[in-house]
Structures are given as C-alpha cells and as structure tokens.
Amino acid sequence: MEVRPKKQLGQHFLTDMNIAARIAGSLTAGKTVTTLEVGPGTGMLTRFLLQRDDLDLYAAEVDAESVDYLKMHYPELGTRLLFEDFLRMDLRGMFPKGVNIIGNFPYNISSQIYFKIIENRDWVPESVGMVQREVAVRIAEPPGKKEYGILSVFLQAFYDIEYLFTVHEQVFNPPPKVKSAVIRLTRNGREKLDCDEKLFFKVVKGTFNQRRKTIRNSLRAAFPLLDPAATHAFFELRPERLSVDDFVELTGFVEKNLKEE
C-alpha cells in the first residue's frame, strides 16, 4: 500500500531514517507524561518513537489513507492511533495528566499547532517539531531581530526555545521549496503573566499587526480608548525591540490608561 502525499494537507513525508531517529531522540521527557505524535503520515518518525521504552505513544492523523497504512505497518499502536484532527482535539480532556507533542508538522498548519500548544501550555511540558525553517527561526529569535514577532513573544513567554538543527529539502517526498528545521520547546517556570493575559495577547497582536509603526501609533490604532495624554518610554520603539517582560509592562500601562466606554 502506498500513501500519496496530499498538497491540501501540507504533507511532505520524511524519507531519511537518520534524521527521523535524531528527531525522535530529541524529546527528553519520558513516561511521566504521555507523548502524542501529530501527523505521523507513513510512520517514518513513529517507528523510532515506538522503539523508545520510556514513551507512552499516541498518534493523531487526519488523513484516512495514512491511518490505514499505519494500522497495517504499526499494529502495536492499536487504539492509540487516533483518526483525529489535532487542532480540534481536547488535549485537557484526553490527556488530563499532560502530553508532550512531537511531529513532522504539516507545513500549512504549523503556526496553528503552536498556537494550540500555547492555549494548552499547562498540559504540554515539551514539544519537538519539524517545521519550515522560517517558522523555526521566527519562534526562536530574540528581541531585536526582524523575524521576531507575535508567535515568538507568545511562545517565549511560556517556553524555553531551542533551535536544534536544519533539515534540507532533498530528504522529503515531495521535496518542499524551503528548508526545514527542528525546534524544541520546554515549559519554563512562569506559571502566569504578571498582567491581564487576555489583554497581553491583544497588545502583542495590536502592535505587531502594524509593526512598521512605533508603539505609540500602533497602540493608538489598536486601542482607540487609550488616554491620549498617557505616554510611555517604549512609545518611540517598534514592537520587535520589546521582550516578553517589556510587553507585560506595556500591558499594565494599557490597562491603567484605558478609558471607560
């Protein structure tokens, strides 16, 4: 049985076993937390994850053809092979003790996968993912770099990020038009932000959505009710200059200076 990579699902199947073994070995946490592979496809990574005695492995695959293939070649997965869309899964309900996330993430939903990890950050202590290199760089870059953006701030607020290695196009079927990279996220010690978290997300999005503008102008546009007389030391900067702690401070400023409707 052959599985055809489907463009609409963003599938690029890894064909290099050495790289698959390296990815599988990059996950550090073991049986204390269940592991979920997202988008196993033809099981290139799955085979090496199953060889680890310290992992309680589940796999979520949305492609019916891939599910049939995996059932045939990896029967040991049994009921832990889930015909599920990861983006729709209730991670808290399914894995009440937490779950590590690993996978060669489908390129067309890689950012959405990371936003779901952020939403479930207290249930996901670690993640190892292969994504487009530009996405990996964006996530891992520190403040001050042009690639630093919304996803960088959100993930770095709650995870330590490690850019592990680059993967070239030739080791995929079909080869993507861009290089890939593997990154590891490890939950940091920050339990919660020292500000209104919903407002924090709005402030970060509001400033980066107009990242060519200064903080002063982007905040005025994002928050029309912000006191026009209020000012802050960050106002003449652009958002890529601000660290997570800076955005926490800025969120507190916004909350303090928003006028009532």
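Tutor: Buried means under 20% relative accessible area, exposed means over 50%, and partly exposed is in between, with a 1.4 Å probe and protein chains only. The model is predicted: local features need pLDDT of at least 70, side-chain atom pairs count only at pLDDT 80 or more, and totals for chains, interfaces and linings use all residues. Residues are numbered from 1 along each chain as its sequence is written, and side-chain values use heavy atoms, with hydrogens and water left out.

Student: How many of the 12 residues of H8 are buried?

Tutor: Helices (H or I, at least four residues) and strands (E, at least two) are DSSP runs, numbered from the N terminus. Helix H8 covers residues 197–208. The buried residues of H8 are Glu-197, Leu-199, Phe-200, Phe-201, Val-203, Val-204, Gly-206, Thr-207 and Phe-208. H8 is therefore largely enclosed by the rest of the structure, and the number buried is nine of the 12.

Student: How far apart are the end C-alpha atoms of H8?

Tutor: The expected span of a helix is 1.5 Å times one less than its number of residues. For the 12 residues of H8 this gives 16 Å. The distance between the end C-alpha atoms agrees with that span, at 17 Å.

Student: How many aromatic pairs does the structure hold, and what is the angle between the planes of Phe-105 and Tyr-114?

Tutor: Rings of Phe, Tyr and Trp (its six-membered ring) pair if their centres lie within 6.5 Å; planes under 30 degrees apart count as stacked, over 60 as edge-to-face and the rest as tilted. The structure holds nine such pairs. In one of them, the ring centres of Phe-105 and Tyr-114 are 5.7 Å apart, and the pair is edge-to-face because the planes meet at 75°.

Student: Are Phe-105 and Tyr-114 buried or exposed?

Tutor: The pair just described is edge-to-face. As for their accessibility, both Phe-105 and Tyr-114 are buried.

Student: Which residue forms an aromatic pair with Tyr-148?

Tutor: Tyr-148 takes part in an edge-to-face pair, with 6.1 Å from centre to centre and 65° between the planes. The pair links distant parts of the chain, 60 residues apart: Tyr-148 is in the loop between helix H6 (133–140) and helix H7 (150–158), and the partner is in helix H8. Both residues of this pair are buried. The partner of Tyr-148 is Phe-208.

Student: Which residues form one aromatic cluster with Phe-115?

Tutor: Two members of the cluster, Phe-200 and Phe-201, are among the buried residues of H8. The full cluster is formed by Phe-115, Phe-154, Phe-200 and Phe-201.

Student: What distance separates the charged end of Arg-121 from the centre of the ring of Phe-158?

Tutor: A charge sits over a ring if NZ of Lys or CZ of Arg is within 6 Å of the ring centre and within 35 degrees of the ring normal. One such contact has Arg-22 over the face of Phe-165, at 3.8 Å from the ring centre. In another, Arg-121 sits over the ring of Phe-158, and its charged end is away from the ring centre by 4.0 Å.

Student: Which residue does a cis peptide bond join to Asn-173?

Tutor: At this bond omega is about -10°. The residue joined to Asn-173 lies in the loop between strand E8 (172–173) and strand E9 (180–187). It is Pro-174.

Student: What does Val-62 count as at 43% relative accessibility?

Tutor: Val-62 is placed in the loop between strand E3 (57–60) and helix H3 (64–73). From Val-62 to Met-17, 45 residues away in sequence, the C-alpha to C-alpha distance is 23 Å. With a relative accessibility of 43%, Val-62 counts as partly exposed.

Student: What distance separates the C-alpha atoms of Ile-117 and Leu-87?

Tutor: Ile-117 is part of helix H5 (residues 110–119). It counts as buried because its relative accessibility is 0%. Leu-87 is 30 residues from Ile-117 along the chain, and their C-alpha atoms are separated by 9.7 Å.

Student: What distance separates the C-alpha atoms of Thr-46 and Tyr-58?

Tutor: Thr-46 is in helix H2 (residues 46–50). Its relative accessible area is 0%, so Thr-46 is buried. Thr-46 and Tyr-58 are 12 residues apart along the chain, with a C-alpha separation of 9.5 Å.

Student: What distance separates the C-alpha atoms of Val-67 and Glu-240?

Tutor: Val-67 lies in helix H3. It has a relative accessible area of 4% and is therefore buried. Along the chain Val-67 and Glu-240 are 173 residues apart, and their C-alpha atoms are separated by 42 Å.
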